[in-house]
Amino acid sequence: MKNPTQKKTSTRAVLARLFGSSARGIAIEKSVLTGYASVGDGKVCVMGTCNGTYIDNAAALRLAAHVIECIEKHPKTPIVMLVDSAGQEPNRVAEMLGLASYFGHLLSCLELARRKGHKLVTVATGQAVGGAFLCYGMFADRIYALDSASVGLMPIAAMSAVTKIPAAVLQKLSKTMPSLEFGAAPFALLGGVEAVWSAKDDIQARLVGAIANATSEDNRAELGKKRGGRKLALDIRKKVLAESAR
Amino acid sequence: MEKFAKAFPSKPLPSKAAKPWALAGVVGSGNLEVLLERGSRPTNMMECHVETSIPGYKASWLAALSDFAHHYPAGGTKITINDQGASPVLVNLRLRQAYDHLTKGEK
Amino acid sequence: MITAKTALRRQNKVQRIDRVGKLARGKFVSPDKVPEILRRIIEPGDILCLEGDNQKQADFLANQLATLDKKDLRDIHLVMSCITLPAHIDLFRKGMIKQVDFCYAGPQSTAVADLVKAKKFPVGAIHTYNELYARYYIDLTPRVALIAAAKADRKGNLFLAANTEETPAIVEPTAFSDGIVFAQVNEIVDKLPRIDIPADQVDLVVQAPYPMHLQALFTRDPAAITDVQVLMAMVALRGIYEKYEVQSLNHGVGFNTAAIELLLPTYGERLGLKGKICKYWMVNPLPTMIPAIESGWVESVFAVGGEVGMERYTAARSDVFFTGRDGSFHSNRAMGQLAGHYAIDMFIGASLQIDINGNSSTVSKNRITGFGGAPNMGCQPTGRRHPTRAWLKAGAEANPGPGSPPGRKLVVQMVETFQAGRVPTFVEELDATDASIRKALHGVTPVMIYGDDVTHVVTEEGIANLAACRSVAERQAAIRAVAGYTPVGLKRKKRETEDLRARGIVQLPEDVGVRPSEASRSLLATQDIKGLVRWSNGLYDPPSQFVDW
Amino acid sequence: MSGVLFHEQTARQRIAALADPGSFVELLPPPERITSPYLAQLGIPVSFDDGIVIGHAKIGGKKVYLAAQVGQFVGGAVGEIHGAKLTGLFKAAARDKTPCILLVESGGVRLHEGSAGEIAIAETMRAIFECRALKVPTIAVIATDIGAYGGIGILSTCCDYRVMTEHGRLGISGPIVIEKWMGKKAYNSADRALVWKTSGGKTKYLLGDADALVHDAPEAVRDAIAKFIGKSRAVSLGSVKARQKELEKRLKKFGTTNDPNAVWKGMGVRNVEAASLASGPEFAALAKRGK
């Protein structure tokens, strides 16, 4: 794992691209984002991370508190989740206190929001890897990524270091198995993100569309099959459902 | 990985086998899984398919499988093995376990 | 310059101590002065003994020694039983050692092999423990000995706690030949629980800033015992322990024998063997023996060393373990090896490689491990005269000639036919016969246990009774018969095997009344470390690397 | 007790021991040979169940869906097939309003299959919450040293209930990863006593992250499951607000301590040594679980 990359200059810029001048309503504290902004004509609740920070127990709690506040005070307001985090920092005390449970709690809060009619849309803006992506971003109704974002399990070099499989072998296989490749585009092929937004796109317009089109139906397996990046998952799931119905 | 297949003469499996298939063992370091299935032909041969992570021991595999086919009536079965470096004694143990599950329905 | 060779030993010793001068207060020195003191008391050409066996290490003194350089110390003839610490290896890398005589190089076996290849490891010989201790009295008497003790009092008397081990075997020859004994201790106290080494034999004492290194070497987690090992243990219990009524014995360090220990209160009890076998032990306080001890199987245990975590338990069971008046555990490596040589019915241990003649070795081109104590016990003591039932029975089977002793010690090799990763245990020729290794050892092949000494080989396939074989060819056939599907085993001839089986020289599990399908971990008295703690009524304190709860 | 240790059993043995005799029906069983194309391409042995046994059975006469991960097979890690089986099972549970039990034994995402496993875990989390919204009980059993780590650690916390034994471990980053990151002084991964005090079942039970701490025996696990399959835990505003408070309090109380014994004492354990030795309900009795 790498140290969080510091991209201080870009956080506000990214927020401005997404929310225009309404981005002022988003607070950045220790690289955790909370606040409210406007998208198109509507108000949204914004939460997330920036600067490739690590998410620890406290960060998870702050995000969860913001979601709870949104549910209580702004019913049905769409929640936009921004992801730029290197994951959880390996830390013994965090583990001892049950970091997994803090993440599970954050997910429960988001689930409650979904059940209460909040739409959940994720935009991966920077790093979106490992536990940090799993603990909120990947839990959205619909997930998008900027093309500059680093999305995926881990880069091939890191995968090679852990599995002891030569990077060249993984590199070669990734040509036919996009799951092994790192980045927003291959992740989209798997169905992991709905669409990748490029620098040329009108991001605000995209976000308006994303919120409007979001449904709580998890469509990732279908997308993965359609796009050819995850050929097996949907059929196996269907097979389980069919065989268990017998 | 090394992959090979061979059939060994074996007395036909008793017809009253309890289950259509049985699995013994797990794939893990120094371990293997043996899948034993009924309904293979001819009924006086035990059909074997082995995939092992440690190449170079085909002779000892074949000897162990041949001994098993000799000692147990396993004709008309198909054995498929996924191996991650199990010792022959463990291979033997798993074969026997799978055979017991298949014929007696034992776990 | 006066050298060790030209001066009278006693006079020379006085000069060395004088050179220490004000760096010491009486016998006591402070840790930061140790490197300089070592520089002053050791001379070129010295035989230097560093205490360190496979468990206990004078690691502080070794680490201080390793801070010195060739300009401070050179031409050292190092004698020590176990080359274990990185600091030991440093001495060779720095070129300070002109010769080394040792027994064992466990954790550093790869580094030693590399040094041998680089010709930076001038070996005199690799010894067994007692052989090296014996040479301390003959031609390898240390000029300076760096030792470790638990506590010292203000006079310099030493207390060795549970790990007496080899300290007396080093101190006596050194102290009684005007050598210098320098001890590191964990603590300096007013009154010792007992005196193990009198102050009279100690010249210098330092309180080390950290306690001496103790390796938990004999702790085997029952969770790692396999069904196959249980099978082998059952076969050994029936085919050897029961058959010969083995009363006194040594167990090696391994999961095979740990399985036997844990089967005694269950399977052994069912066979009605309690009181008939396994009463007197020469073995370290193995945690896996707790269930057998608690079930009343064991009369006594004498040990070559202690075992981390067994302190409270051994103190509570002083009816079984040798203990000091203060209740603390007592061990003695030299005496334990002697007992294991002469006074037991059986030695049983494992090995990495066994050739078709029954020779075994743990040495390979890339790993020079050495011997330790196994060959002291895993050999025939032809000097033995006292009879026991097992000794006579094994002797009768061997059909002794008019010029041989009437009895035989049971020397048993218990191995699986394959090691991890499908590496065969049985080979036509040992790796240890490699020419470069033999050259480094002056023509000696490092054989752990000689085939001629071995009476039985036990594998998961069965038992080969080598003592009952009447020719070399027969012995080879018996080994092939239990070598399973290894290349050595695949060469066996069916008829030969059947003939040996008919004569009882080869026995399959069913021949000794063991059904392989019965063999299961669930037969063990406990399947995990926690169970050992329970068996000990909470008196066993497992080291934290074994605690999974 | 039968004397059989739950953590010693294989996935299939565990299922056989928990299910009413003869009631287990495996879905996508081994003869279907649905094996990982990723592992095959990498020259790594495959397994016919891809490291997870799924199906339905009865426990005490009540129908349940059951999944058991095979920790020995690539660390029980989740690849595309393994993950799809898991997602499908929870979806079937939601569809049939049948309790779903996961016998966890996994280090998380199977790295050899890249992001596919990660997405599968995310999809399974969604399926678990689908069950919960329908009041279909979801239970994670964590009872082995492989435990629940990485994404599967997080996933386990999404279930209604967690049943643990003292041998089970629950977390995200494993000790070796943390040791590499923080150094051996901060966390010696070989110090298993510390590892278990950090992530083991007892500590998780004390803190309230495990709902039951049971003996390492199939009967004990079964009894605990039987208790939980009759209830569920709704995700409501009240419940998340209470949890938020609890987790805030926990962080405040123990966030600055390195010493797991301080956590034990803080959670009501009077005699740490005795509690270390005690198991299951005996441990629970020694510790009045703090709030």
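Me: In this predicted model, what covers the buried residues of helix 2 of chain A?

Reply: The cover includes strand 2 (32–39), strand 3 (42–49), strand 5 (79–87), helix 3 (92–96) and helix 4 (99–115) of chain A, together with helix 10 (237–254) of chain D.

Me: Which residues in helix 2 of chain A are buried, and what makes a residue buried?

Reply: A residue is called buried if 20 or more other C-beta atoms lie within 10 Å of its own. In helix 2 of chain A, those buried are A:Asn57, A:Ala59, A:Ala60, A:Leu63, A:Ala64, A:His66, A:Val67, A:Cys70 and A:Ile71.

Me: Why does the span of helix 2 (residues 57–73) of chain A agree with what is expected?

Reply: At 1.5 Å a residue, its 17 residues should span 24 Å, and the end C-alpha atoms are 24 Å apart, so the two agree.

Me: What makes strand 3 (residues 32–38) and strand 5 (residues 77–83) of chain B a pair?

Reply: Pairing takes at least two bridges. Seven bridges join these strands, which run antiparallel, so the condition is met. Within strand 5 of chain B, B:Thr80 stands opposite B:Leu35.

Me: What is the strand order of the open sheet in chain B?

Reply: The five strands follow the order 1-4-5-3-2, with mixed pairing.

Me: Why do strand 1 (2–9) and strand 2 (21–24) of chain B count as edges?

Reply: Each has a single partner strand, so one side of each has no neighbour in the sheet. Neighbouring strands of this sheet are turned by 15 degrees against each other on average, direction ignored.

Notes: Residues are numbered from 1 along each chain as its sequence is written. Chains are lettered from A and ligands numbered from 1 in the order in which they are written. This is a predicted model: local features need pLDDT of at least 70, side-chain atom pairs count only at pLDDT 80 or more; totals for chains, interfaces and linings use all residues. Helices (H or I, at least four residues) and strands (E, at least two) are DSSP runs, numbered from the N terminus. Axes are lines fitted to C-alpha atoms, for helices over the stretch in contact, and angles run from 0 to 180 degrees between N-to-C directions. The expected span of a helix is 1.5 Å times one less than its number of residues. A residue is buried if 20 or more other C-beta atoms lie within 10 Å of its own, exposed if 12 or fewer, and partly exposed in between; C-beta atoms are placed from the backbone. Two residues are in contact if their C-beta atoms, placed from the backbone, lie within 7 Å.
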